[in-house]
Amino acid sequence: MKRWLTMVLGGVGLAVAIVAAVVLVRASAVESLQSEVEPVEVETSVDGQAALERLAEAIRKPTISSSGDDADLEPFYEFRRQLERDFPVFHDLASRQLVNDLTLHFTLEGRDSSAPHVVFLAHQDVVPVEEGTEDDWTHPPFGGVVADGFLWGRGTLDNKQNVMAMLEAAESWLESGESPEHTVHFVFGHDEEIGGMDGARVVAQQMEEDGLDVVAVYDEGLVIVDGMVPGIDGPIALVGITERGYLTVEIEARAEGGHSSMPPEEIAVTRLAEVLKKLDANPRPAAIDGPTAMMFEWAISEMDFLHRMIFRNLWLFEPVVLSQMTASPGTNAAVRTTAAPTMLRASDTENVLPQRAVATVNFRLNPRDSIDGVLADLEDLLGSEYITIRPVGEMRSEPSPLARLEGPGFEKLRRALATVHPDVPVAPNMLTGAADARHFTGLTHDVYRFQPLIFTDRDLERLHGTDERIAVDDYLALIEYYGALLRQW
Ligand SMILES: [Zn+2]
């Protein structure tokens, strides 16, 4: 072999050895961000069986969110009457404000009027059961059936369990004669599933106008996932510290109209199709940064060695990890801003060429992006004299600021979690969807989106899908969790 070739190969071999050594050393020197936290003393006075029956009754009320005039509001009124009946002490001590007739805003005055306020969010409304899928349910979606260790029905995970668990916890605590030091708000929206614009948003705006000093907000969101984080066999609690932004745009393509018997070379529909194809071929960049990177930093001490090696060395392995993550919709949504074309319109008549063809595209923004940035890039990518891009709809939000991982909001959450699941590690993460919590980020950045329910990946499709159900044990733990959280405030 020629001498220079030997030297080159030797050099390559040495480089590989150095890289391997660095990878291994970094993987062995993992510092854990998991710390011991002390559980909260909770004397449970909640009768579990009775509480479960109350949630079952709540599930039997089809509080389907709707903005139309023909909406059936009666289930909301019935649900409200049930709450009044089930939680008399709470209703006695908290003041209630109705917002747009249906959203409930309770205020429980704190002993210290100068202490900052705390907000607990949940929502009363549920999504409808998709037509034609009713018979696929093991138990009727609005039956409130308890079987096989679960309570089945629409709203058991999203989100009546939170309304009821918060009130169960508050009722039993107040009954024992205790009261919070901080003023605590409970906001139960009626339109979260369609944006929360008439419910939670109005409450948040009112609080801002009143100049309330808010220290923490707790809402639904992420859960304890079991076997879903790579390299971790057991459960880990993922706490949502931000949610992605929301933006809908219309892309309009124009061309000459006319009769379809003599089509010109350029047609609006075809132009629109080309633009959509281009959008699809040019996804926004993906990266492991922000809350997703933080999640891996917190989770890494719980991973097996192989995954520690990978996630401690993202400087080397990020492309490999990203190619895996972007290959599936759930994890793709965690690493980039996504674009989803959802609606199309053009000519109303089969033999008339439209002068305009319009596509609606829904974007969900990663925290590294902004609405203006996305719009500017879209203009660069797709804009032309025939194409107009415009944001539409009332619902529009920047990615939420990151909640802090120190400070009272998070510390108390961790203690409450340790009370019900002492051995479960915790990690921050991002909500890829949207929830009412985002309306409150003007009051405080410390908005935590979490509930200690235990999910495996098959449970994800139950949300908004068929066979939504909650484990009875999870529900009882949820009540205890809110009891532990409330007692600290
Ligand atoms: Zn929800």
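Start by selecting alanine 237 and showing what surrounds it: leaving aside residues up to four places away in sequence, alanine 237 touches Ile224, Leu417, Val424, Pro425, Val426 and Pro452. Keep in mind as you click around that this is a predicted model. Alanine 237 sits in strand 8, which covers residues 235-243. Is alanine 237 buried or exposed? With 23 other C-beta atoms within 10 Å, and 20 being enough to qualify, alanine 237 is buried. Now add glutamine 34 to the selection and draw a distance: the two C-alpha atoms are 11 Å apart, although these positions lie 203 residues apart along the chain.

**Zoom out to the domains**

Next, colour by domain. Domain 1 is made of two stretches, 48-222 and 404-487, while domain 2 is 245-397. The C-alpha centres of the two are 32 Å apart. Where they meet, domain 1 supplies eleven residues and domain 2 supplies 15 residues. Look at the domain 1 side of that contact and you'll find seven nonpolar residues, three polar ones and one charged.

**Into strand 3**

Select residues 117-123, which is strand 3. Seven of the seven residues here are buried, so the strand is largely enclosed by the rest of the structure. Turn on side chains and look along the strand: His117, Val119, Leu121 and His123 point one way, with Val118, Phe120 and Ala122 pointing the other way. In a regular strand, that kind of alternation between the two faces of the sheet is what side chains do.

Now bring in the neighbours. Strand 7 (residues 214-226) pairs with strand 3 in the parallel sense over four bridges. To find your place there, look for histidine 117, which stands opposite valine 214 in strand 7. Strand 6 (residues 184-189) also runs parallel to strand 3, joined by six bridges. In that pairing, histidine 123 faces glycine 189 of strand 6.

**Two helices and a three-stranded sheet**

Select helix 2 (residues 48-59) together with helix 15 (residues 472-487). Their axes are 11 Å apart, and the helices pack at about 100°. That makes helix 2 roughly perpendicular to helix 15. Show side chains for the contact: Gly48, Ala51, Leu52 and Leu55 come from helix 2, meeting Val472, Tyr475, Leu476 and Ile479 of helix 15. By class, that's seven nonpolar residues and one polar, with no charged ones.

Leave those helices on and add the open sheet of three strands, ordered 4-5-17 with antiparallel pairing. Which strands stand at the edges? Strand 4 (145-147) and strand 17 (469-471) do, each with a single partner strand, so one side of each has no neighbour in the sheet. On average, neighbouring strands are turned by 25° against each other, direction ignored. Strand 4 and strand 5 (residues 150-152) are linked by three bridges in the antiparallel sense, and valine 146 has leucine 151 in strand 5 as its bridge partner.

How do the helices sit on this sheet? Helix 2 lies across strand 4 and strand 5, at about 20° to strand 5. Helix 15 lies across strand 5 and strand 17, and runs at about 75° to strand 17.

**Over to the four-stranded sheet**

Last stop: an open sheet of four strands, in the order 11-13-9-14, again with antiparallel pairing. Strand 11 (338-345) and strand 14 (387-397) are the edge strands, each with a single partner, so each has one side without a neighbour in the sheet. The twist from one strand to the next averages 25°. Highlight strand 9 (residues 245-254) with strand 14 and you can trace seven bridges in the antiparallel sense. Isoleucine 251 makes a handy marker, standing opposite isoleucine 389 in strand 14.

Add helix 12 (residues 371-382), which packs on the sheet and touches strand 9, strand 13 and strand 14; helix 12 makes about 160° with the direction of strand 14. Then add helix 7 (residues 268-281), lying across strand 9, strand 11, strand 13 (356-365) and strand 14, at about 145° to strand 9.

Finish on alanine 273, found in helix 7. With 15 C-beta neighbours inside 10 Å, alanine 273 counts as partly exposed. Draw one more distance, to alanine 359: the C-alpha atoms are separated by 9.1 Å, for positions 86 residues apart along the chain.

Terms used: Residues are numbered from 1 along each chain as its sequence is written. This is a predicted model: local features need pLDDT of at least 70, side-chain atom pairs count only at pLDDT 80 or more; totals for chains, interfaces and linings use all residues. Two strands pair if DSSP finds at least two bridges between them. Axes are lines fitted to C-alpha atoms, for helices over the stretch in contact, and angles run from 0 to 180 degrees between N-to-C directions. Two residues are in contact if their C-beta atoms, placed from the backbone, lie within 7 Å. A residue is buried if 20 or more other C-beta atoms lie within 10 Å of its own, exposed if 12 or fewer, and partly exposed in between; C-beta atoms are placed from the backbone. Domain bounds come from an automatic or database domain assignment. Ala, Val, Leu, Ile, Met, Phe, Trp, Tyr, Cys and Pro count as nonpolar, Asp, Glu, Lys and Arg as charged, and the others, Gly among them, as polar. Angles under 35 degrees count as roughly parallel, over 145 as roughly antiparallel, 65 to 115 as roughly perpendicular and the rest as oblique.
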